[in-house]
Amino acid sequence: MSDVATKILEESLGKLVLLRLRGNRSLRGKLQGFDMHMNLVLEEADDISNPEETETLGTIIVRGDNVIIVSPSPR
């Protein structure tokens, strides 16, 4: 993982992030941790793939090879 990506993720710890995953899934949650493989730990996570049926997931681990985009909170 690049230094820029690491810096952005470090700045996003404890903040809300949006994730786009393989299989057209989208998640929203508070970033609690990450590792060099971009495995992410989200707290208070929601599956927002279908805006009409948001599913509450709680605390989850997202495997890094499923992550397509991470959108941090605005600064």
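Modeller: Before we start, one term: two residues are in contact when they have heavy atoms within 4.5 Å of each other. Among contacts in the protein chain between residues at least 6 apart in sequence, 37% join residues at least 24 apart.

Colleague: What kind of model is this?

Modeller: This is a predicted model, where local features need pLDDT of at least 70, side-chain atom pairs count only at pLDDT 80 or more, and totals for chains, interfaces and linings use all residues. Residues are numbered from 1 along each chain as its sequence is written, and side-chain values use heavy atoms, with hydrogens and water left out.

Colleague: How many helices and strands does the protein chain have?

Modeller: One helix and five strands. Both are DSSP runs, numbered from the N terminus: helices are H or I with at least four residues, strands are E with at least two. Along the sequence the pattern reads α-β-β-β-β-β.

Colleague: And the overall size? What does the C-alpha trace span?

Modeller: About 35 × 25 × 20 Å along the principal axes. The radius of gyration of the protein chain is 12 Å, which agrees with the value near 11 Å for a compact globule of 75 residues. That radius is taken over C-alpha atoms, and the globule rule is 2.2 Å times the number of residues to the power 0.38.

Colleague: How much of the protein chain is buried?

Modeller: 25% of its 75 residues. Buried means under 20% relative accessible area, exposed means over 50%, and partly exposed is in between (1.4 Å probe, protein chains only).

Colleague: Which residues make up the largest nonpolar core?

Modeller: Twelve residues: Leu9, Val17, Leu19, Leu21, Leu27, Leu31, Leu40, Leu42, Ala45, Ile60, Val62 and Val67. Strands S1, S2, S3 and S4 (55-62) each supply at least two of them. A nonpolar core is a set of buried Ala, Val, Leu, Ile, Met, Phe, Trp, Tyr and Cys residues joined through side-chain atoms within 4.5 Å.

Colleague: Pick one. What does valine 62 touch?

Modeller: Leaving out residues up to four places away in sequence, valine 62 touches Leu19, Leu21, Leu27, Met38, Asn39, Leu40, Leu42 and Val67.

Colleague: Met38 is on that list. Where does methionine 38 lie?

Modeller: In the loop between S2 and strand S3 (40-47). Methionine 38 has a positive phi of about 65°, although it is not a glycine. Methionine 38 counts as partly exposed because its relative accessibility is 23%.

Colleague: New one, asparagine 24. Where is asparagine 24 found?

Modeller: In the loop between strand S1 (16-21) and strand S2 (25-34). Asparagine 24 is not a glycine either, yet its phi is positive, about 60°.

Colleague: Why does asparagine 24 count as exposed?

Modeller: Because its relative accessibility is 59%.

Colleague: Now the far end of the chain. Which strand holds serine 71?

Modeller: Strand S5, residues 67-71. Serine 71 is partly exposed, with a relative accessible area of 31%.

Colleague: What is serine 71 in contact with?

Modeller: Val17 and Leu18, leaving aside neighbours within four places in sequence. Alanine 45 is 26 residues from serine 71 along the chain, and their C-alpha atoms are separated by 14 Å.

Colleague: And aspartate 3, is that residue buried or exposed?

Modeller: Exposed, because its relative accessibility is 68%. Aspartate 3 sits in helix H1, residues 3-12. Aspartate 3 and methionine 36 are 33 residues apart in sequence and 10 Å apart in space, C-alpha to C-alpha.
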